[in-house]
Amino acid sequence: MKRKGMLQRSLDGIETVGNKLPHPVTLFAILALLVVILSAIVSSFGISVEHPGNKGEFVEVKNLLNTEGIQYIFTSITENFIGFAPLGIVLVTMLGIGIAESTGLISALLRGFVLFIPKRLITAGLVFAGVMSSVASDAGYVVLPPLGAVIFAGLGRHPLAGLAAAFAGVSGGFSANLIITSLDPLLAGMTIDAAKIIDPAYAETMNVAMNYYFIIVSVFLLTFVGAWVTDRIVEPRLGAYNGVYREKLEGLKAIEKKGLIWSVISFVVAIIIILLFVLPPNAPLRGENGAIIQSPFMDALVPIIALLFFVPGLVYGKVTKEIRNDKDVADKLAKTMGTMGMFIVLAFTAGQFVAFFAESNMGLVVGVYGANFLESIHLTGIPLLITFILVSATINLFIGSASAKWAMMAPIFVPIMMQLGYSPEVTQMAYRISDSSTNIITPLMTYFALIIAFAQKYDKKMGIGTLISVMIPYSVFFLVSWTILLVVWILFGIDLGPGSPIYYP
């Protein structure tokens, strides 16, 4: 037997240790309980930090075991569950996807896709689609990983490798795109506010597209790296798939081709109708002053995506006789929701953990201490940027929200970097690299539980350890290659976006 290399042995070790952890449902419940206990212990020491966004305001760890904390726990459980960010997004999106899947539309599209696209490009195509999915906010997490698994299974490849490739693109590539996404104005607003601390005049010159040139190039870098990691590291390690589930990709029948034609027509009609609500100057889904990026349209992407699956799926089902009346539609929707049972249970315990962690302020304290460490080591130049990326990546393992972390870190690090000669635009891009690269290996990422639920369709024993061990190569190679790209960009002094220089004057 060929001896495994150090990397493979390390990943096997991570998988073994990780899979000794309890079931994800149980684990999140334990973590929630642990947060409550730690909040009482840490708060007894009187540890506090100055809130980075509000000078003079100090934040302490809240004791969740005192009278006020216990009241919060019992009165917030329902709200924590309902307010768990992925819950509504997933269920609404799955209503649309469920019709498209149960009528056979998705299967027919996939079969058509793999019959025409060169097989050697499928992996790269999956990663690319994942990276680009950030234009639809978080919907890519729901749509692409299960599709990637089905495509790979249909080709006789390991479905978990397809799921991993898509997940790496969606989550690891969240800060890259060929167009501006909702993340750009979200982070840019915080960066501009932080820049005003040092130079209000400079802040006035900044814009939401401050990283645009760089994120365009990043799309192609991550697509190449993600495909390479899938084909050279992840899939060889997973080996041959011997599970009982295997999607057969057969040629399209005449009725299926007819259904596809009419579903495409209905999709185009739906797109045109949606565009009529967006493109005209006074369209109802435009924002203030005719804005599109920050507008009701961006807020409505989840139901729009669900609609764009539902309409073609319904038309396809009518043409192929999979749907004959409204009862068939209701039955298929109910069946889809039935498959989401495990995710709903996961959402309940995960929602409690995330809410307790935020309420206790422990995430904020951990983040501030990490930020203070970076400030105290007195590094300059590129070593400082690299250290900042590593510290931000570590903090990301504890605080999943990109906006929450940046709201905490921007007021500290943007001014520091400006005083050291780096523009706020560079600091923001360094943060985006670190945040995206480690999204795929932290169970605190809100969609991590969903990916496990998808993976368990192919491997009933799939646990947190297995998923992390599969995704670590993507995280490491994304972080390293993306950081190298930024360093090269800086050395050549190329603007990161329109009017966005590398160096602060």
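# Close-up views of the chain

**View 1. Asp-184 pairs up with Arg-432 in a salt bridge, with 3.0 Å between their closest N and O atoms.** A salt bridge here is a side-chain nitrogen of Lys or Arg within 4 Å of a carboxyl oxygen of Asp or Glu. Asp-184 sits in helix H9 (residues 183–195) and Arg-432 in helix H20 (residues 424–437), so this pair links distant parts of the chain, 248 residues apart. Helices (H or I, at least four residues) and strands (E, at least two) are DSSP runs, numbered from the N terminus. Asp-184 and Arg-432 are both buried. Buried means under 20% relative accessible area, exposed means over 50%, and partly exposed falls in between (1.4 Å probe, protein chains only). What you're looking at is a predicted model: local features need pLDDT of at least 70, side-chain atom pairs count only at pLDDT 80 or more, and totals for chains, interfaces and linings use all residues. Residues are numbered from 1 along each chain as its sequence is written, and side-chain values use heavy atoms, with hydrogens and water left out.

**View 2. Arg-157, Asp-231 and Glu-235 join up in a network of salt bridges.** Within it, the side chains of Arg-157 and Asp-231 meet at 3.0 Å, N to O. Arg-157 lies in the loop between helix H7 (139–154) and helix H8 (159–172), while Asp-231 belongs to helix H11 (residues 212–238), so the pair ties together parts that are 74 residues apart in sequence. Arg-157 is buried at 17% relative accessible area, whereas Asp-231 is partly exposed at 34%. Side chains of opposite charge can pair when their charged atoms come close. By the salt-bridge rule, the count comes to seven.

**View 3. Asp-331 and Lys-327 form a salt bridge within helix H15 (residues 326–338).** Their N-to-O distance is 3.0 Å. The two residues are four apart in the helix, which means about one helical turn separates them. Lys-327 is exposed, with a relative accessible area of 52%, and Asp-331 is partly exposed at 40%.

**View 4. Helix H16 (residues 341–360) has the length you'd expect.** The expected span of a helix is 1.5 Å times one less than its number of residues. For the 20 residues of H16 that gives 28 Å, and the end C-alpha atoms are 29 Å apart, which agrees. Among the buried residues of H16 are Phe-343, Leu-346, Phe-353, Phe-356 and Phe-357, along with Gln-352 and Ser-360. Just past the helix, Asn-361 takes a positive phi of about 70°.

**View 5. Met-471 is one of the best-connected members of the largest nonpolar core.** A nonpolar core is a set of buried Ala, Val, Leu, Ile, Met, Phe, Trp, Tyr and Cys residues joined through side-chain atoms within 4.5 Å. This one has 135 residues, of which Phe-214, Met-471, Tyr-474 and Leu-486 touch the most other members. Helix H22 (residues 464–492) supplies the largest share of the core, 14 residues. Setting aside neighbours within four places in sequence, Met-471 is in contact (heavy atoms within 4.5 Å) with Ala-164, Phe-167, Ala-168, Ile-440 and Ile-441. A second, separate core of eight residues includes Ile-274, Val-278, Ala-300 and Leu-308.

**View 6. A nonpolar patch of about 990 Å² lies on the surface.** Patches are made of residues with over 30% relative accessible area and no salt bridge; like charges are joined within 9 Å, and nonpolar side chains (Val, Leu, Ile, Met, Phe, Trp, Tyr) within 5 Å. Accessible areas come from the Shrake-Rupley method with a 1.4 Å probe, and for residues only the protein chains shown count as cover. Members of this patch include Phe-224, Trp-228, Phe-477, Val-480 and Ile-494. H11 and H22 each supply at least two of its residues, and the largest share, seven, comes from H22. Phe-477 has its place in H22 and is partly exposed at 31% relative accessibility.

**View 7. Ala-240 sits in the loop between H11 and helix H12 (254–276).** At 63% relative accessibility, Ala-240 is exposed. Its C-alpha atom is 9.8 Å from that of Pro-159, although 81 residues separate the two along the chain.

**View 8. Zoomed out, the chain has 22 helices and two strands.** Of its 505 residues, 53% count as buried. Its accessible surface comes to about 22,300 Å², with 68% belonging to carbon and sulfur atoms.
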